[in-house]
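Colleague: I have a model open and want to read its fold. Can we go through it step by step?

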Amino acid sequence: MLWFQRKSTQLAKYSFQLLLRNRSASKTVLPVLTLFTKDPCPLCDEAKEVLEPYKNRFILQEVDITLPENSAWYERYKFDIPVFHLNGQFLMMHRVDISKLEKQLQKLEQQGL
């Protein structure tokens, strides 16, 4: 469990680094939407299509859970992909919930994050 928490912290730090890099590149800061996926994943492909109209509101980061360095994510999400985290925090799984995504994006936009 401790190892998983370390990996979770590493992902959150990586997401935060992407956020900082994005902040320095422009005045508008985009949140990081992490998609936990594998190949093939038809539900993940479908989810990315659903997200297409929103792509200018976040940075999409894909994590292939089948890679050896992502084994903790594989153990956690192997039966649940696609899984989404927003800025390192769990958001949703199985399908894209547009209303939940929209609510969280608006919240972040209002906070200026």
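What follows is a short exchange about the sheet, its helices and the disulfide.

Modeller: This is a predicted model, so to speak of its limits: local features need pLDDT of at least 70, side-chain atom pairs count only at pLDDT 80 or more, and totals for chains, interfaces and linings use all residues. Residues are numbered from 1 along each chain as its sequence is written, and side-chain values use heavy atoms, without hydrogens and water.

Colleague: In what order do the strands of the open sheet lie?

Modeller: Strands are DSSP runs of E, at least two residues, numbered from the N terminus. Two of them pair if DSSP finds at least two bridges between them. The pairing here is mixed, and the order of the four strands is 2-1-3-4.

Colleague: Which strands stand at the edges, and why is one side of each left without a neighbour in the sheet?

Modeller: Each edge strand has a single partner strand, so one of its sides has no neighbour in the sheet. The two are strand 2 (59–64) and strand 4 (89–93).

Colleague: Which residue of strand 4 is the bridge partner of Phe84?

Modeller: Strand 3 (residues 83–86) and strand 4 run antiparallel, joined by four bridges. Phe84 has as its bridge partner in strand 4 Met92.

Colleague: Which cysteine does the disulfide join to Cys41?

Modeller: A disulfide is a pair of cysteine sulfur atoms within 2.5 Å. The whole structure has one. Its S to S distance is 2.1 Å, and the partner of Cys41 is Cys44.

Colleague: Is that disulfide right-handed or left-handed?

Modeller: The torsion about the S-S bond of Cys41 and Cys44 is about 65°. The disulfide is therefore right-handed.
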